[in-house]
Amino acid sequence: MSTSPQEERGTSHRLLRVGENIRHALSEIFARGEIRDPALEGVSITVTEVRCSPDLRNATIYVMPLGGVHEEDVVQGLNRCNKYIRGQLSRMVNMKYLPKLKFSSDSSFGEADHIDQLLHSPHVAQDLVEKPDADEPEGN
C-alpha cells in the first residue's frame with residue numbers, strides 16, 4: 001500500500017492557513033449571534049478546529065458549546081443553518097471556491113478529561129511512588 005506525498009508530509013501549510021482563516025471568520029459570525037435557530041439561542045459556541053480536504057472543496061468544522069451542554073442539538077442546529085453560515089462566510093473569506101461545511105462535535109475535550117482521570121487514579125499513582133533501589137544497601 002503506497003501513501004501519497006500529502007500523507008507523508010502531513011497537512012500542508014496552505015490547508016492549515018485556510019482552515020485558520022475559516023475558523024476565525026466562523027468565530028466572528030457566531031459571536032454576532034445572528035443565527036436564528038432554537039438550538040442555538042443563547043449558546044456560546046467555540047470553533048476548535050477546521051479541517052479542509054486537500055482539494056479545498058469540503059471542510060469539517062469541530063465545535064463545542066460552552067460547558068458542553070446540548071452538544072448534539074447545537075451541531076444539528078449548525079448543520080441546519082449551513083446555507084446561511086456559508087453565505088456569511090463567503091463575505092468574510094476571499095476564496096475562489098468556498099468549501100462545503102460540515103459541523104461536528106469536538107471529542108478532544110472528553111478524551112483529555114478521560115486521560116486526566118486515568119493519570120490521577122490510585123492505580124497509576126502507585127506506580128509513581130519512588131521505590132528504593134534493590135542494589136543500594138539499606139542504612140546509607
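In which strand is C52 placed? C52 is placed in strand β1, and the legends below present this residue and others in a predicted model.

**Figure 1. Overview of the chain in the predicted model.** The chain holds six helices and three strands. Followed along the sequence, these elements come in the pattern α-α-β-β-α-α-β-α-α. The chain has 140 residues, of which 30% count as buried. A search of the whole structure finds four salt bridges, and three of the views below show individual pairs.

**Figure 2. C52 in strand β1 and its separation from E20.** With a relative accessible area of 13%, C52 is buried, because buried means under 20%. C52 and E20 are 32 residues apart along the chain. In space, the C-alpha atoms of C52 and E20 are separated by 9.9 Å. E20 belongs to helix α2, whereas C52 belongs to strand β1.

**Figure 3. The salt bridge between E20 and R23 in helix α2.** Both residues lie in helix α2, which spans residues 13–32. E20 and R23 are three residues apart, about one turn of the helix. Their side chains meet in a salt bridge, with a distance of 3.0 Å from N to O. Side chains of opposite charge can pair when their charged atoms come close. E20 has a relative accessibility of 35% and therefore counts as partly exposed.

**Figure 4. I29 of helix α2 and its approach to Q88.** I29 lies in helix α2. Its relative accessibility is 1%, so I29 counts as buried. I29 and Q88 are 59 residues apart in sequence. From C-alpha to C-alpha, I29 and Q88 are 7.4 Å apart in space.

**Figure 5. The salt bridge between R32 and E34.** The closest N and O atoms of R32 and E34 are 3.6 Å apart. R32 has a relative accessible area of 38% and is therefore partly exposed. E34, at 34% relative accessibility, also counts as partly exposed.

**Figure 6. The salt bridge between R51 and E49.** The side chains of R51 and E49 meet at 2.8 Å, N to O. R51 counts as partly exposed, with a relative accessibility of 46%. For E49 the relative accessibility is 31%, and E49 likewise counts as partly exposed.

**Figure 7. D106, a buried residue without a salt bridge.** D106 is found in the loop between strand β3 and helix α5, the helix of residues 108–119. The nearest side chain of opposite charge belongs to R51 and is 7.1 Å away from D106. A salt bridge needs a side-chain nitrogen of Lys or Arg within 4 Å of a carboxyl oxygen of Asp or Glu. The side chain of D106 instead makes a polar contact with the side chain of T48, at 2.5 Å. R51 itself forms a salt bridge with E49.

**Figure 8. L56 and its positive phi.** L56 is placed in the loop between strand β1 (45–52) and strand β2 (58–65). Phi of L56 is near 60 degrees, a positive value in a residue other than glycine. Most residues other than glycine have a negative phi. At 8% relative accessibility, L56 counts as buried.

**Figure 9. E72 of helix α3 and its separation from S105.** E72 is placed in helix α3, which covers residues 71–80. The relative accessibility of E72 is 47%, so E72 counts as partly exposed. Along the chain, E72 and S105 are 33 residues apart. Their C-alpha atoms are separated by 7.2 Å.

**Figure 10. A patch of positive charge on the surface.** The patch gathers R57, R86, K96 and K100. Among them, K96 is placed in the loop between helix α4 (82–92) and strand β3 (100–105). K96 has a relative accessibility of 75% and counts as exposed, because exposed means over 50%.

Key: Residues numbered from 1 in each chain as written. Predicted model: local features only at pLDDT ≥ 70, side-chain atom pairs only at ≥ 80, totals over all residues. Heavy atoms only, no water. Patch = residues over 30% accessible without salt bridge, like charges linked within 9 Å, V, L, I, M, F, W, Y side chains within 5 Å. Areas by Shrake-Rupley, 256 points an atom, 1.4 Å probe, with all protein chains shown as cover. Lys, Arg positive; Asp, Glu negative; His and termini not counted. Charge placed at Lys NZ, Arg CZ, Asp CG, Glu CD. Helix = DSSP H or I, 4+ residues; strand = E, 2+ residues; numbered from the N terminus. Buried < 20%, exposed > 50% of the residue type's maximum accessible area, 1.4 Å probe, protein only. Polar contact = N/O pair within 3.5 Å; in protein donor to acceptor, adjacent residues only side chain to side chain.
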